[in-house]
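Here are my notes for you, set out as numbered points. Keep the model open while you read, and find each residue as it comes up.

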Amino acid sequence: MPEVEIVLVEPLYEGNIGFAARVMKNFGFTRLVLINPPEMGIEAISRSSHAKDVLESAVIAESLDEVIAGSNMLVATTGELSKTISHAMRMPYYTPGELRDIVAPVDGRISILFGRENWGLSNEEVRQCDVICTIPTSPEYPIVNISHAVGIVCYELAHLPRGDYITASRREMDALYDHIDEFLDLVDHHEYKRANTLTMMRRIFGRTLLTGREVSTLHGLIRRAEWHINEGKESERDDSATGLE
């Protein structure tokens, strides 16, 4: 089955970390990653109750890059959404129940990010994620405590079926996005559209669960297109040098 890890990005309160560990264990999840957490003491331990083992085995990371290095898919949880589909930063988005269907075929590590209690995940952190997940809450009071949000997502993902295939690693996917970025230079893609286009590419491929072989094939197709474009430019320069129209 997919290996799900819960990632708390710079959590502010040790009590919430303890509660998150407790609710993770309720639904069978044990891999907790903490990015720049506060100092943890008796409050975190007491809040974790019988999930002290989850808390004590938590991985401490200094940056999101450390999470990316070992992950196959990054999921951003957010309550703030894009207003239209033209703005790809936090769109399209899925509920935790829909997220289950997306990650079920994956035989690899799924990293689910939960942001800071006061302002969540930054745009840059969200931009690096493959899938956007949001909890449908009442507009009258949409803010969910971080440990409650962890509980809702873990409940929906509990007892996932065994994954079907290994997806491309995050490093392989990031190399593909870098290649696409270079290709946009080659085709003179408008600079003001660049960031949104690359974010859309990340959202599209994040949903398709590419294998390493498929990523390699896409690199080959892009390289072939680059070769033809460069050959065309060389031909134009040769014609210009000889005065041919």
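1. Start with Val-106, and bear in mind that this is a predicted model. Is Val-106 buried or exposed? Val-106 counts as buried because its relative accessibility is 0%, and the cut-off for buried is under 20%. You'll find Val-106 in a loop, between helix H5 (96–103) and strand E6 (109–114). So don't read "loop" as "exposed" here: Val-106 sits in a loop, yet it is buried at 0%.

2. Stay with Val-106 a moment and look for Thr-211. These two are 105 residues apart along the chain, but their C-alpha atoms are separated by 9.8 Å. For the chain as a whole, take the contacts with a separation of 6 or more: 85% of them join residues 24 or more positions apart.

3. Now zoom out. The protein chain has 245 residues, and 44% of them count as buried. Its secondary structure comes to 10 helices and 7 strands. About 13200 Å² of the chain is exposed, with carbon and sulfur atoms supplying 52% of that area.

4. What about the cysteines? Cys-129 counts as buried because its relative accessible area is 0%, and Cys-133 is buried too, at 1%. The number of disulfides in the model is 0, since a disulfide needs two cysteine sulfur atoms within 2.5 Å.

5. Next, the hollow places. How many cavities of 30 Å³ or more are there? The count is 1, and the volume of this cavity is about 100 Å³. Its lining includes Asn-72, Met-73, Asp-130, Arg-170, Tyr-177 and Phe-205. Two elements give two or more residues to that lining, namely helix H8 (170–186) and helix H9 (191–208). H8 gives the most, with 3 residues. By class, the cavity lining splits into 7 nonpolar, 3 polar and 2 charged residues.

6. Then there are the pockets. The largest pocket holds about 670 Å³ of space. Its lining has 25 residues, and the ones nearest its centre are Thr-78, Gly-79, Gly-120, Ile-143 and Val-144. Which helix gives the most to this lining? That's helix H7 (residues 146–157), with 3 residues. The classes here are 12 nonpolar, 9 polar and 4 charged.

7. The second largest pocket has a volume of about 190 Å³. Among the residues lining it are Glu-124, Arg-127, Asp-174, Asp-178, Asp-181 and Arg-202. Helix H6 (123–127), H8 and H9 each supply at least two lining residues. How does this lining divide by class? It has 6 charged residues, 3 nonpolar and 2 polar.

8. One last thing to trace on screen: Tyr-177. You'll meet Tyr-177 in the lining of the largest cavity, and Tyr-177 turns up again in the lining of the second largest pocket. Helices H8 and H9 also come up both times: each gives two or more residues to the cavity lining, and each supplies at least two to the lining of the second largest pocket.

Note on methods. Residues are numbered from 1 along each chain as its sequence is written. This is a predicted model: local features need pLDDT of at least 70, side-chain atom pairs count only at pLDDT 80 or more; totals for chains, interfaces and linings use all residues. Side-chain values use heavy atoms; hydrogens and water are left out. On a 1 Å grid over the protein atoms alone, a cavity is a set of points where a 1.4 Å probe fits but cannot get out, and a pocket is an open set with protein on both sides within 12 Å along at least five of seven lines; lining residues have an atom within 4 Å of a point. Grid points are joined across faces, edges and corners, and a volume is the space filled by probe spheres set on the points. Helices (H or I, at least four residues) and strands (E, at least two) are DSSP runs, numbered from the N terminus. Ala, Val, Leu, Ile, Met, Phe, Trp, Tyr, Cys and Pro count as nonpolar, Asp, Glu, Lys and Arg as charged, and the others, Gly among them, as polar. Buried means under 20% relative accessible area, exposed over 50%, partly exposed in between (1.4 Å probe, protein chains only). Contact means heavy atoms within 4.5 Å. Accessible areas come from the Shrake-Rupley method with a 1.4 Å probe; for residues, only the protein chains shown count as cover.
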